[in-house]
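Trainee: I have a structure to read and would like to go through it step by step. Where should we begin?

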Amino acid sequence: MTASRKAGGFATSTPTGVPPASRALRGTPVGDATRGPASARRIWGLMYRHLTLYRRSWPRLVDLAYWPILQMTIWGFTSRYFAQRVGSDVTVTVGVLLGGVLLWETVLRSHLGFAATFLEEVWSRNLGHIFISPLRPWEMLAALVAMSIIRTACGVLPAAVLAGLLYHFNILSVGPVLALFMLNLMIMGWWIALACTSLILSQGGGAEALVWSLAAGLAPFAAVYYPVAAMPHWLQPFVLALPAAHVFEGLRAAIGHGIIRWDHLAWAAGLNALWTAASLLLFWKQFQASRRNGALMNIGE
Amino acid sequence: MVSAPQPAIHVESLTKRYRETLAVNDVSFTVRRGETVGLLGGNGAGKTTTIAMLLGLLMPTSGRIVVLGHDMAKDRFAALAQMNFSSPYVALPQKLTVVENLRVYAHLYNVRHAERRIRQLADELELQNLLDRPAGRLSAGQKTRVALAKSLINRPELLLLDDPTSSLDPDTGDWVRTWLEHYRAESGCTVLLASHNMAEVERLCSHVLMMKAGRIVDRGTPDELLARYNRVDLEEVFLDIARDRQAEIA
């Protein structure tokens, strides 16, 4: 505090930084909030808020890559051991399993990257501040998607490098179609996260446990490590409703037989479009409900 | 003929119902541009709910809100860009430093020359030495000044303040009130102030809205209210209203 304040009395306690008239409302102009670049600026504002957290905290950075690396290590040794025991083609077996691990981590990381970023706002009770700013809901979702892409890259790339170093598995050997596989899986992670975000808006932080486990819980039904045909007949229609099942069928075809299954890719894209539309509708309805019931004001634990 | 400027806030028959609870009941009021208006009432009177509806955070059950000429039901983002809010009850992200927090909100409000604006606010609110400190490690008085800086980052035409000096010692509280007086006079912005501090309201506000059980039960300038209730300060007026002594006075 300044000495003038401590002196007390009105005249002497006048704050030293009283705004001069010339600098008040008539000063530096505030940008037009309705223009395109303004949207990009707001999206960057929310990204900056989250990126700053990572810049200052190495445990947060380590956490991004920890699980993908751990999964890669376990599955790498396991797949090599089994391939040697049963006498199958080690390269194909290891490739299918490690490709599965890497691509499934893409779903998990993109889901967590989106949902955990939103949860961060819930934990810091910052949603009120965000939603009284001119940030549109779609801009918030765009920022969450951008953060998810960054977090997924930080999680999956080190695991992919490890797969190359330890097991001589190069995920890029799948070819350019890998980009389409990964895009579909990331979109799947986003719509699951969007549904989780709606659940948080509805139930508060109490739904947090589901956020962590929902995507992981889909792993047995996503045909990650085994083909859809290995599952019971009655379960297969449900499994094929998940875009991931089609992507992993496509991955096995690419690694095992060197062919690209465009039919599976088309199914994955179509299903993603449907699920994304459903999740967006759910989010919009829940967001409006939160504005009606006051949840945005006090959402927390 | 020159038409009168749009009021800063125009509220018509505003009602908010949560199932059986009527939080705000048929409230109407207008705040002219450049005024500082106090929104008074006991706990649960409906002040925070009213402010939340003005901010677009809460949808009214019925009624209409027009802020700075924008209908909040149809065009709330245009209004939100020109207004801001400060409350000691809503903390900024604790792990971000003061300057990082201000940068975030400068981006969200699309403030041009953000660094210059942040330096300006830091000078005016004496935050220079706090800029690199995490928001979670500030004292109550420092947090209040940072919250004020956040609420002024976009040079709002309408500033909503919820109990801005609660939890502050008298010295710091006086400093904040003096600063607000000067800021309002210099900037010409409109201020809606919800407060439990009657001396603060008497000092800062040109008009007062008294709320009780979700309704506006009285309104006027501080002097009009003091004369109507035959009291020497607003605290006594507040108690008269809170304890239903209006009928006896009338």
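**Strands and helices in two chains**

Mentor: Begin with one facing pair in this predicted model: B:His10 stands opposite B:Val66, a residue of strand 4 of chain B.

Trainee: Over how many bridges do strand 1 and strand 4 of chain B pair?

Mentor: The facing pair B:His10 and B:Val66 belongs to this pairing, with B:Val66 in strand 4. Strand 1 and strand 4 of chain B run in the antiparallel sense, and the number of bridges is 5.

Trainee: Which residue of strand 2 of chain B stands opposite B:Ile9?

Mentor: Strand 1 of chain B covers residues 9-18 and is joined to strand 2 by 7 bridges, with the two strands antiparallel. Opposite B:Ile9, in strand 2, is B:Val31.

Trainee: Which residue in the hairpin of strand 1 and strand 2 of chain B takes a positive phi?

Mentor: The hairpin has 2 residues between the strands. Phi is near 45° at one residue of this hairpin, and that residue is B:Arg19.

Trainee: What is the bridge partner of B:Val66 in strand 5 of chain B?

Mentor: Strand 4 of chain B, residues 62-67, is joined to strand 5 by 2 bridges, and the strands run antiparallel. B:Val66 also stands opposite B:His10. Its bridge partner in strand 5 is B:Asp71.

Trainee: In what order do the 4 strands of this open sheet in chain B lie, and which are the edge strands?

Mentor: In general, strands of a sheet pair through backbone hydrogen bonds, either parallel or antiparallel. Here the pairing is antiparallel and the order is 2-1-4-5. An edge strand pairs on one side only, which gives strand 2 (21-31) and strand 5 (70-71) of chain B.

Trainee: How many helices and strands are there in chain B, and is the chain compact or not for its length?

Mentor: Chain B has 10 helices and 10 strands. The globule rule gives 18 Å for 250 residues, and the radius of gyration of chain B is close to that, so the chain is as compact as a globular protein of that length. The radius of gyration itself is 18 Å.

Trainee: What percentage of the residues in chain B is buried?

Mentor: The C-alpha trace of chain B spans about 55 × 45 × 40 Å along its principal axes. A residue is called buried if 20 or more other C-beta atoms lie within 10 Å of its own. Of the 250 residues in chain B, the buried part is 53%.

Trainee: What separates the centres of domain 1 and domain 2 of chain B?

Mentor: Chain B is divided into domain 1 (1-82 + 157-250) and domain 2 (90-155). The contact between them takes 7 residues from domain 1 and 6 residues from domain 2. On the domain 1 side, these residues divide into 5 nonpolar, 2 polar and no charged. Taken over C-alpha atoms, the separation of the centres is 25 Å.

Trainee: Which residues have the most contacts inside the largest nonpolar core, and why does this core lie between the domains of chain B?

Mentor: The largest nonpolar core has 162 residues, and those with the most contacts inside it are A:Leu98, B:Val67 and B:Leu160. Both domain 1 and domain 2 of chain B give residues to this core, so it lies between them. Beyond four places in sequence, B:Val67 touches several residues, among them B:Ile9, B:Leu54 and B:Leu158.

Trainee: How many helices does chain A have?

Mentor: Chain A has 0 strands. Buried residues make up 43% of its 301 residues. The number of helices is 13.

Trainee: Is A:Arg125 buried or exposed?

Mentor: A:Arg125 sits in the loop between helix 5 (90-123) and helix 6 (127-131) of chain A. It has a positive phi of about 50° although it is not a glycine. With 20 other C-beta atoms within 10 Å, A:Arg125 is buried.

Trainee: Which residues does A:Leu210 touch beyond four places in sequence?

Mentor: A:Leu210 is in helix 9 (residues 208-217) of chain A. It counts as partly exposed, because it has 15 C-beta neighbours inside 10 Å. The residues it touches are A:Cys196 and A:Leu199.

Notes:
Residues numbered from 1 in each chain as written. Chains lettered and ligands numbered in written order. Predicted model: local features only at pLDDT ≥ 70, side-chain atom pairs only at ≥ 80, totals over all residues. Buried ≥ 20, exposed ≤ 12 C-beta atoms within 10 Å, placed from the backbone. Contact = placed C-beta atoms within 7 Å. Core = buried A, V, L, I, M, F, W, Y, C linked by C-beta atoms within 7 Å. Domains from an automatic or database assignment. Nonpolar A, V, L, I, M, F, W, Y, C, P; charged D, E, K, R; others polar. Pairing = 2+ DSSP bridges. Rg over C-alpha atoms; globule rule 2.2 N^0.38 Å.
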